[in-house]
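Here are my notes for you on this one, written as numbered points. Keep the structure open while you read and click on the residues as they come up.

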Amino acid sequence: MRGSILITNTQSDFGKNLAEVFAREGFEVFTPHEFEKITKLDFLADTTDFRDESDDFKKTFRANVVAPMATLEKFLPLLDAGETRRIFYVTSAEASINETRDAENYAYKMSKAALHQFLQMVRNRLAPEGYTLRIFDPMPGKIDAAVAAESAFLYITRRRGTENDDPLRDDEEILIMRDAEGRAHGW
């Protein structure tokens with residue numbers, strides 16, 4: 001076994017494909033319903049990506065921000081017991097403050113912007129304890145979910161490395177959002 005991962009939403013096409021990739025690569029894959037069976041986690045992949053047709057802000061905020069916060073709080077002791085200590089979150093570049101171009105899907109975009117702020121605080125708190133974070137846009141509707149899952153697997157499991165041998169440009173030391181095509185996006 002190469003390690004263990006919790007994937008929060010294996011009902012979505014992306015989450016299901018991500019679980020299949022990790023299982024194929026020799027990882028033990030868990031869902032939140034298997035909490036009692038888990039003794040330690042190396043990776044936590046929160047694949048929550050709730051969109052509401054009615055653009056209900058409270059419902060969307062609870063799903064995309066409050067639920068991921070609660071999941072991290074619940075599973076953090078199991079990540080503390082693991083070796084890799086990597087946390088992965090699904091988001092969308094369209095929710096980036098730098099890339100939002102209209103008010104369509106306002107509740108979704110604002111919920112993900114709030115998630116981004118939470119993730120910055122999580123990174124600041126947990127990085128000194130050896131944690132790294134990965135923020136990923138699977139580009140639903142633009143990239144096939146299976147292709148996005150393969151890209152996410154590589155992003156989750158590999159060290160990103162330093163750019164131009166400059167330690168200040170190390171992806172492990174800063175929080176970056178990448179999409180399924182490997183592009184970095186501003187917050």
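1. Start with the ring cluster: Phe14, Phe88, Phe136 and Tyr155 are linked to one another by ring pairs. Bear in mind while you look that this is a predicted model. Across the whole structure there are 10 aromatic pairs.

2. Now take one pair, Phe27 with Phe43. Two values describe any pair of aromatic rings: how far apart the centres are, and the angle of the planes. Here the centres are 5.8 Å apart and the planes sit at 70 degrees, so this pair is edge-to-face, since anything over 60 degrees gets that label. Phe27 belongs to strand S2 and Phe43 to strand S3, so the pair ties together parts that are 16 residues apart in sequence.

3. Are those two rings buried or exposed? Phe27 has 6% relative accessibility, so it counts as buried. Phe43, at 5%, counts as buried too. The cut-off for buried is under 20%.

4. A second pair to find is Phe35 with Phe75. Their ring centres are 5.3 Å apart with the planes at 75 degrees, so this one is edge-to-face as well. It links distant parts of the chain: Phe35 is in the loop between S2 and S3, while Phe75 is in helix H2 (residues 57-81), 40 residues apart. Phe35 has 29% relative accessibility and so counts as partly exposed, whereas Phe75, at 2%, counts as buried.

5. Next, the sheet. Try tracing its seven strands in the order S2-S1-S3-S4-S5-S8-S9; the sheet is open and its pairing is mixed. At the edges you'll find strand S2 (27-30) and strand S9 (184-185), each of which pairs on one side only. Strand S1 (residues 3-7) runs parallel to S2, and four bridges join them. If you want a spot to zoom in on, Ile5 stands opposite Val29 in S2.

6. Which helices lie across these strands? Helix H1 (residues 13-24) is one of them: it lies across S1, S2, strand S3 (43-46), strand S4 (86-90) and strand S5 (132-137), and it runs at about 150 degrees to S2. Helix H3 (residues 106-126) is another, lying across S4, S5 and strand S8 (177-179) at about 170 degrees to S4.

7. Helix H4 (residues 145-157) deserves its own point. Its 13 residues reach 18 Å from the first C-alpha to the last, close to the 18 Å expected at 1.5 Å a residue. At the N-terminal end, Asp144 acts as a cap, with a side-chain oxygen 3.0 Å from the backbone nitrogen of Ala146. Buried residues in H4 are Ala145, Ala148, Ala149, Ser151, Ala152, Phe153, Tyr155 and Ile156. H1, S2, S3, S4, S5 and S8 are among the elements that cover them.

8. Why look for a pattern in a list like that? An α-helix has 3.6 residues a turn, so residues three or four places apart point the same way.

9. Last stop: Thr8, in the loop between S1 and H1. With 18% relative accessibility, Thr8 counts as buried. A polar atom of the Thr8 side chain lies 2.9 Å from the backbone nitrogen of Thr47. Setting aside neighbours within four places in sequence, Thr8 is in contact with Pro32, Ala45, Asp46, Thr47, Thr48 and Thr71.

Definitions and conventions. Residues are numbered from 1 along each chain as its sequence is written. This is a predicted model: local features need pLDDT of at least 70, side-chain atom pairs count only at pLDDT 80 or more; totals for chains, interfaces and linings use all residues. Side-chain values use heavy atoms; hydrogens and water are left out. Two strands pair if DSSP finds at least two bridges between them. Helices (H or I, at least four residues) and strands (E, at least two) are DSSP runs, numbered from the N terminus. Contact means heavy atoms within 4.5 Å. Axes are lines fitted to C-alpha atoms, for helices over the stretch in contact, and angles run from 0 to 180 degrees between N-to-C directions. The expected span of a helix is 1.5 Å times one less than its number of residues. Buried means under 20% relative accessible area, exposed over 50%, partly exposed in between (1.4 Å probe, protein chains only). A polar contact is a pair of N or O atoms within 3.5 Å; within protein, one must be able to donate a hydrogen and the other to accept it, and residues adjacent in sequence count only if both atoms are side-chain atoms. Rings of Phe, Tyr and Trp (its six-membered ring) pair if their centres lie within 6.5 Å; planes under 30 degrees apart count as stacked, over 60 as edge-to-face and the rest as tilted.
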